[in-house]
Amino acid sequence: MSLSLDATCPDCDGRELVIPAVLDEAVQRLTEIMEAGPQADMALDQSRCTAETKVRRVLALLRAGVLPGGSLLLVGDDDMVSLAVAVVGDVLGSPLVERLTVVDISPEILGHINRVAADYKINIETVEHDLRLPIPKELRGQFDVAMTDPPYTPEGARLFLSRAVEGLRPGTANSVFFSFGPKNPNEMLEVQQEIMNLGLVTNGFIQNFNEYEGSGILGGRGFFQHLLTTSSTQSSLDENYEGPLYTRDKRSRQREYECVCCHARFPVGPGAQWTSVGALRANGCPECGRGPFKPRQLVSTPVQPADQTAPRADQTAPRDERTAPSDAPARTAPARTAPARVSAPVQVSGRLEELAEKTGAYRVRPAESDDLDAIGAFEVEIAKVSFGADAIDDPQRHQARLGRAMQKSRAGMFVACDADGTVVGWLWMSINKNTMTGDSYANFRSLAVLPIEQRSEIAELLIATGLDFAVDHHVGEVIGRVYTGNIPMRTLYRKFGFDATHMAMRLRLPNQAGHAHVGQ
């Protein structure tokens, strides 16, 4: 049968919008504008949306009917969507908006916007302002539409959406376009509760609408939500905000990072010379001037958290929340059906560092023979999820099998441990060769994590470690097999960019003893 059951639109890839050919020129111009402008501050772990995403956001405003005409407020604009509005209007031969205002704290970003706007002879009002403070009085209640892409924390969503609401005209059905990154269900509940507390309702939601540069395969996409005001809409932060906005604001431990070139190690975190690994990357290794850096153990002595009032709320703030983890249970591991694969070039080292920071005291190390008891228990649970009543549930058999595998090679075997050294997670990846083509590929064989706090983050850290291992071995493709009913593991694969490619079919036949044969 030629029937395809992939329901994702092949034209828009699920984003609901396709950039028409007439706007290809706009994409090219915006790419050049981005290259000429201030670059993302790696010391702050920034990443910015692609030129295509900028154009899609403008198309979303056009489709919603809020453009052309009216007034648009951009609450923070390090993505320079204001310039996308100008460029798209220029390509189409007509201005798209009557009043366009950007509120941001970065003089570099605002200066670049002003220079480009002058070239296009479009008036963009730029206001240098710390968004921890309420919107300036002269901007309150002045705009038909607002757009924001805040720091990816519930606190960031609350602050930036509050400032957007402050700028909107009174009344119902005014639009706020809200971009945000993937979060686990508990964190997303907090974000959506903040939206409800503001009296906003969802009019549209597009998953994976936004793409960000420099994010690699881990969370390089974010959703796009169209919100509408109601009769209950009001800012939940009418006064100054002094709390934390970013993950780094809440960290209280330093972690060592090792230069992969010269193996020198340096503490990173509150109180250290480099408060973030982005800052260390931007500086380069003090010993050899190179990098990159791999996360190592936490520094044993806790340090006091940095002053949480120091960072200012602006769009030059760190984008370390672009890639927040999902909450998919991870004690589910690849079985023998529905292979998924990722074959596009990947960049994982930076994200691996971020995940290591998020998991705190947990760390990943190569597996050893002393870990076989824990690994055997994991394999039993994997078998139960994958094969149900047919599972081999004798841990000693699994220990023996893995012990023999370790004697041949421990490469690709990793365990996650807590601060006491207890094994809480297990990953096995092997490097294989296609006998027909001679090409090497990596295969996820096992993944399991105990049902503990930060379970999903540890699972993602293990997968990122496996992908880093695959990149180091120069393979062109990574394959994982998962039981079709194992939705959490399938979701986790999808989050890392895997696509489903094959499905194994099973038919049970009765034998003479009344039992069943299994065929795949």
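Helices and strands are here taken as DSSP runs, numbered from the N terminus. On that basis P68 of the predicted model is placed in the loop between helix 2 and strand 1. The peptide bond that joins L67 to P68 is cis, with omega at about 0°. Shortly before this bond, G65 follows helix 2 and has a positive phi, near 85°. Most residues other than glycine have a negative phi, and most peptide bonds are trans.

Positive phi values also occur outside glycine. In M80, phi is near 55°, and this residue belongs to the loop between strand 1 and helix 3. M80 has a relative accessibility of 3% and therefore counts as buried, the limit being under 20%. A second case is A173, a residue other than glycine with a positive phi near 70°; A173 is part of the loop between helix 5 and strand 5 (175-180).

As a whole, the chain has 520 residues, of which 53% count as buried. Its secondary structure comprises 13 helices and 19 strands. Among contacts with a separation of 6 or more, 75% are between residues 24 or more positions apart.

Helix 2 was examined in further detail. This helix has 14 residues, and the distance from its first C-alpha to its last is 20 Å, close to the 20 Å expected at 1.5 Å a residue. Because 10 of its 14 residues are buried, helix 2 is largely enclosed by the rest of the structure. The buried positions include the charged residues K54, R56 and R57, together with A51, T53, V55, V58, L59, A60 and L61.

In soluble globular proteins, nonpolar side chains tend to be buried together. The largest nonpolar core of the model contains 42 residues, and L23, V55 and L61 touch the most other members. Two or more residues each come from helix 1 (24-36), helix 2 (51-64), strand 1 (71-75), helix 3 (81-92), strand 2 (99-104), helix 4 (107-119), strand 4 (145-148) and strand 6 (200-211). Helix 3 makes the greatest contribution, seven residues. When residues up to four places away in sequence are not counted, L23 touches V55, L59, V88, V91 and L92. Another core, of 32 residues, lies apart from the largest one and has F178, V191, F223 and L227 among its members.

Empty space within the model was also assessed. Four cavities of 30 Å³ or more were found, and the largest has a volume of about 60 Å³. This largest cavity is lined by 11 residues, of which R57, G76, D77, D79 and D149 are the closest to its centre. By class, five of the lining residues are charged, three are polar and three are nonpolar. R57 is also one of the buried residues of helix 2.

A further set of contacts involves R158, a residue of helix 5 (residues 154-167). Its relative accessibility is 27%, so R158 counts as partly exposed. R158 and E194 are 36 residues apart along the chain, yet their C-alpha atoms are separated by 5.8 Å. With residues up to four places away in sequence left out, R158 touches E194, S236 and L237.

Note on methods: Residues numbered from 1 in each chain as written. Predicted model: local features only at pLDDT ≥ 70, side-chain atom pairs only at ≥ 80, totals over all residues. Heavy atoms only, no water. Core = buried A, V, L, I, M, F, W, Y, C linked by side-chain atoms within 4.5 Å. Buried < 20%, exposed > 50% of the residue type's maximum accessible area, 1.4 Å probe, protein only. Helix = DSSP H or I, 4+ residues; strand = E, 2+ residues; numbered from the N terminus. Contact = heavy atoms within 4.5 Å. 1 Å grid on protein atoms, 1.4 Å probe; cavity = no way out; pocket = protein on both sides within 12 Å on 5 of 7 lines; lining within 4 Å. Points joined across faces, edges and corners; volume = space filled by probe spheres on them. Expected span 1.5 Å × (residues − 1).
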